[in-house]
Amino acid sequence: MAHIAHDPDARPDMRTTHDLRVVLPRTAEVRGDRLFIGGVDVVELAQTRGTALYVMDEAHIRGQLRSLISALRSRYERSEVAYAGKAFTSKAMVALVGEEGGCLDVSSGGELAIARAAGFSMKRVVVHGNNKTLLELVEAIDAGVGRIVVDCFEELERISALATERASTQAILLRIAPGIVADTHEYLQTGGEDSKFGFGIASGAALDAIRRALDAPGVVLKGLHCHIGSQIFALDSFAKAIEVMADLIASVRTETGFITEDLDLGGGLGIAYQAADKPSDVEQFAEVITSAVKREFGARDLPLPLVTVEPGRSIVANAGVTLYTVGAVKEIPGIRTYIAVDGGMTDNIRTALYDARYESILANKADQPRSTLVTIAGKHCESGDVILIDTPLQPAEPGDTLCVFTTGAYNQSMASNYNRQVRPGVVFVKDGIVREVLRRETYDDLMRCEV
Ligand code: LLP
């Protein structure tokens, strides 16, 4: 059984909710002793809708999308933001992305199906995946998606054959592994040479893939894609990737005459999970990206491409919180105090998987200092099922509403039914109105696939 190491730096924290500003949803505020998001009392929400429950601040999501799009376009007109659906997808989310003028990055047939059901413009969809199945390729081509990002030679051949059979042409990008190791958790790094994703440059695979794509019938090579990782704080990693891509694009022009029209730089902008984190904002990100593209393409006398970025986390992570009800308080003298809640690794696998850290408060004691040090445990049958380790919290009692911040990205989307737990619902809150976008599962849902 996993032993949960103590955090030697952990201390009770005399600060309260306001001091956690950097992780709070934009509309979060404390009224009396309670936390409100989107003008909605989250304690009441927990009591009336049940817990665990994901709550998302719609104004925050819209604001992030809007400010990133305008930060990019004000500096570089030909730019697009393709929201990475893997961070959190539902029909309502996809519709919102469309309303805000975003494109959509889908990474599976399932995400594409949701985008179609939401009526999202297929021309504005970018299809990802390092091993798309034949069926997924057929679905994408038949749906008329704007771009498929090709990850391997086999896929190039399959798309070429499928499009030729249909007497159509499919626009593609090639995914390049630029050999950059970004400063993030090892599991979240994707752009290094030793990666299952894309075509490496040093090995010559990238140039070979470009040549083959230019010759392949049924496909039109529009340009190149790279994604160096996720939760990246050092913006110079992006600038470095752009430099490497510009080098490649320049040498490809010399070797083949091919001019890259589209440059898709993937996602990865890091965000604050803890109050002490100091991430870059979208303005800084947009400045680094657009100035690097202008500089590196200019230096090589390359025409400026259409630039796409694919943020997931930075759009939705801080917008979302998870609400739980405290069930038990177990004090083990001299060791630690466990606060057990009605969810856990099924709705938040990130602590167990990446050692992720969060901030939390008791939403019904939101005005009080977090004067105790506790470990928040889930309800599942594993010692490693913890959500926060040695974290400051207001003194907890059964019935309190625990609110864990920054759970809008990769929490619902990585949720599971372990222990046959039903997955929580998702509500959007805005201007005092609660909109259910995914309902909580029921036992019938658990049995839906039984034959
Ligand atoms: N584009 C591509 C091709 C990607 O692979 C990803 C994320 C993104 C865009 C969006 O990256 P973001 O802006 O969200 O960092 N489950 C992990 C994150 C895995 C990210 C995978 N790819 C987590 O919970 O932290």
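**Exercise 1. Establish whether Ser-90 is buried or exposed, and find where in the chain Ser-90 lies.**

Solution. In this predicted model, local features need pLDDT of at least 70 and side-chain atom pairs count only at pLDDT 80 or more, while totals for chains, interfaces and linings use all residues. Residues are numbered from 1 along each chain as its sequence is written, and side-chain values use heavy atoms, with hydrogens and water left out.

Step 1: Ser-90 has a relative accessible area of 2% and is therefore buried, a class defined as under 20% relative accessible area, with exposed meaning over 50% and partly exposed the range in between (1.4 Å probe, protein chains only).
Step 2: Ser-90 belongs to the loop between β5 (79–84) and α3 (91–99); helices (H or I, at least four residues) and strands (E, at least two) are DSSP runs, numbered from the N terminus.
Step 3: once neighbours within four places in sequence are set aside, Ser-90 is in contact with Ile-114, Val-437 and Leu-438, where contact means heavy atoms within 4.5 Å.

**Exercise 2. Identify the domains of the protein chain, and explain where the largest nonpolar core lies with respect to them.**

Solution. Step 1: the assignment, which is automatic or taken from a database, gives domain 1 (17–57 + 318–446) and domain 2 (89–311).
Step 2: taken over C-alpha atoms, the centres of domain 1 and domain 2 are 34 Å apart, and the contact takes 17 residues from domain 1 and 15 residues from domain 2.
Step 3: the largest nonpolar core has 109 residues, and those with the most contacts inside it are Ile-172, Leu-174, Val-316 and Phe-428. Such a core is a set of buried Ala, Val, Leu, Ile, Met, Phe, Trp, Tyr and Cys residues joined through side-chain atoms within 4.5 Å.
Step 4: helix α8 (residues 236–256) supplies the largest share of this core, namely 11 residues.
Step 5: because domain 1 and domain 2 both give residues to this core, the core lies between them.
Step 6: beyond its neighbours within four places in sequence, Val-316 touches a set of residues including Met-56, Tyr-83, Phe-88 and Gly-408.
Step 7: a second, separate core of 25 residues includes Val-30, Val-321, Ile-361 and Phe-405.

**Exercise 3. Describe the surroundings of the ligand, and state how much of its accessible area the protein covers.**

Solution. Step 1: the ligand is surrounded by 20 residues, of which the closest are Ser-230, Glu-310, Arg-350, Tyr-354 and Tyr-410; the criterion is that one heavy atom of the residue lies within 4 Å.
Step 2: a nitrogen atom of the ligand is 3.3 Å from a polar side-chain atom of Asp-105.
Step 3: polar backbone atoms also approach oxygen atoms of the ligand, with a distance of 2.9 Å for Gly-268 and 2.8 Å for Arg-313.
Step 4: of the 580 Å² of accessible area that the ligand has on its own, the protein covers 91%, the areas coming from the Shrake-Rupley method with a 1.4 Å probe.

**Exercise 4. Work out which side chain makes a polar contact with that of Thr-406, and place Thr-406 in the fold.**

Solution. Step 1: Thr-406 sits in the loop between β19 (401–405) and β20 (425–430), and its relative accessible area of 0% makes this residue buried.
Step 2: the polar partner is the side chain of Asn-318, at 3.4 Å. A polar contact is a pair of N or O atoms within 3.5 Å; within protein, one must be able to donate a hydrogen and the other to accept it, and residues adjacent in sequence count only if both atoms are side-chain atoms.
Step 3: outside the four places in sequence on either side, the contacts of Thr-406 include Val-23, Ile-271, Tyr-273 and Tyr-358.
Step 4: Asn-419 lies in the loop between β19 and β20 as well, but Asn-419 is partly exposed, with a relative accessible area of 35%, and has a positive phi of about 60 degrees although it is not a glycine.

**Exercise 5. List the buried residues of helix α5 (residues 134–143), and find what covers them.**

Solution. Step 1: the buried residues of α5 are Leu-137, Val-138, Ala-140, Ile-141 and Ala-143.
Step 2: their cover includes α4 (109–117), β7 (125–127), β8 (147–150), α6 (153–165) and β9 (170–177).
Step 3: just after α5, Gly-144 adopts a positive phi of about 80 degrees.

**Exercise 6. Find the geometry of the peptide bond from Thr-51 to Ala-52, and the sign of phi at Gln-231.**

Solution. Step 1: the bond from Thr-51 to Ala-52 is cis, with omega near -5 degrees, and Ala-52 lies in the loop between α1 (42–49) and β4 (53–57).
Step 2: Gln-231, although not a glycine, has a positive phi of about 55 degrees.
Step 3: Gln-231 is placed in the loop between β11 (219–225) and α8, and counts as buried at 14% relative accessibility.
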